[in-house]
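Reader: I should be grateful for a close look at a single part of this model, set in the context of the whole chain. Please treat the matter in one connected account.

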Amino acid sequence: MQLFSQTLLAVLLAHLLADFPLQTDSLVRAKTGGIKGFLTHGAIHFATVNVALLLFTHNTLWSLYTQAILVAYVVLHIALDYMKQLYLRVRGAPDSTGPFVVDQALHILMAVAVTWALTRVSWGEVRAAAFLTDRLKQNVLLVAVTYAAVIFAGGYLVRSMTRSLTEEMTAPAGEDKDALRNAGLYIGWLERFLVLTALLVQSPAMIGLILTGKSIARLGELKGPKFAEYFLIGTLLSLSLAISGGIFLMLMFYGTVFPK
């Protein structure tokens, strides 16, 4: 199983490097102009996955079987990229979060499939390695429920408690009240996620950095009295929920809010 996990991580590393830092803007534009861009991207991906496997695994890299699998993997990768581009062109829509997430999820599934083909471990071994004990399942479920409650349910609680303030205030120039409420909701999700995570990993200093960044971003609007009230009350409510969730998880996992 160690060979499977090492190979999977190496393939994923190659994918991430080839798809992001090594796929420049000019290469992305070339892919929209014809097959040359796709072939270049495929060559980069093929070289990257070979280097990653050579450095981090003990696979028989130069066997005909391994190279055939990697060539097939790159061809499927290019085909998936082309299908995404074709879908966006037919729909006449720009690249957005939905297509990006689906595209990357399919690439990850391909990475799992090629890893299985390279290592040829049985699916029984994979399932056994991925099996969660009852204790671990309970901990994962506890974290998931706490995060969902604090981030999402907490967001609607904060939104409802500050609704009267957003109805009374004048939105900053260039913004409307609905956009302001929605922006506050999404920012609150990220804020509570980061604060809750900071507490869970025992790094409360991160909270100060989060608040500083948020305050700087809205420094100009804070001069408006109604907006200042909305900002402060919403932020304090959001922090209270995140800190409460963090204290709960620390008590459950560490038995104290001041773990050593």
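How many residues does helix 5 have, and what distance does it reach from its first C-alpha to its last?

Author: The model is a predicted one, and a word on confidence comes before the details. The mean pLDDT of the chain is 84, with 85% of the residues at 70 or more. Confidence is highest in helix 3 (residues 35–56), where the mean is 94, and lowest in helix 6 (residues 123–130), where the mean is 65. Where pLDDT is low, the predicted coordinates should not be read in detail.

Helix 5 has 23 residues and reaches 33 Å from its first C-alpha to its last. That span is close to the 33 Å expected at 1.5 Å a residue. The helix covers residues 97–119 and belongs to a chain with 11 helices and 0 strands.

The buried residues of helix 5 come next. Pro99, Asp103, Gln104 and His107 are among them, as are Met110, Ala111, Val114 and Thr115. Towards the end of the helix, Ala117, Leu118 and Thr119 are buried too. The cover over these buried residues includes helix 1, helix 3 and helix 4. For the chain as a whole, 36% of the 260 residues count as buried.

Phenylalanine 100 of helix 5 also takes part in an aromatic pair, one of 5 in the structure. Its partner is phenylalanine 20, and the two rings meet edge-to-face, with 6.2 Å from centre to centre and 65° between the planes. Phenylalanine 20 lies in the loop between helix 1 (2–19) and helix 2 (25–33), whereas phenylalanine 100 lies in helix 5, so the pair ties together parts that are 80 residues apart in sequence. Phenylalanine 20 counts as partly exposed because its relative accessibility is 37%, which falls between the limits of 20% and 50%. Phenylalanine 100, at 35%, is likewise partly exposed.

Another edge-to-face pair joins phenylalanine 38 and tyrosine 82, at 5.9 Å centre to centre and 70° between the planes. Here phenylalanine 38 belongs to helix 3 and tyrosine 82 to helix 4 (residues 64–91), so that the pair links distant parts of the chain, 44 residues apart. Phenylalanine 38 is buried, with a relative accessible area of 6%, but tyrosine 82 is partly exposed at 40%.

Helix 3 and helix 4 both contribute to the cover of helix 5, and a residue of helix 4, isoleucine 78, gives a further view of this region. Isoleucine 78 has a relative accessibility of 19% and therefore counts as buried, the limit being under 20%. Leaving aside neighbours within four places in sequence, isoleucine 78 is in contact with Phe38 and Gly42. The C-alpha atoms of isoleucine 78 and histidine 45 are separated by 9.5 Å, although the two residues are 33 apart along the chain. Links across the sequence also appear in the totals: among contacts between residues at least 6 apart, 71% join residues at least 24 apart.

At the end of helix 5 the chain continues with arginine 120, whose phi is positive, near 55°. The charged end of arginine 120 sits over the ring of tyrosine 65, 4.4 Å from the ring centre.

Conventions: Residues numbered from 1 in each chain as written. Predicted model: local features only at pLDDT ≥ 70, side-chain atom pairs only at ≥ 80, totals over all residues. Heavy atoms only, no water. pLDDT = per-residue confidence, 0-100. Helix = DSSP H or I, 4+ residues; strand = E, 2+ residues; numbered from the N terminus. Phe/Tyr/Trp six-rings, centres within 6.5 Å; stacked < 30°, edge-to-face > 60°. Buried < 20%, exposed > 50% of the residue type's maximum accessible area, 1.4 Å probe, protein only. Lys NZ or Arg CZ within 6 Å of the ring centre and 35° of its normal. Contact = heavy atoms within 4.5 Å. Expected span 1.5 Å × (residues − 1).
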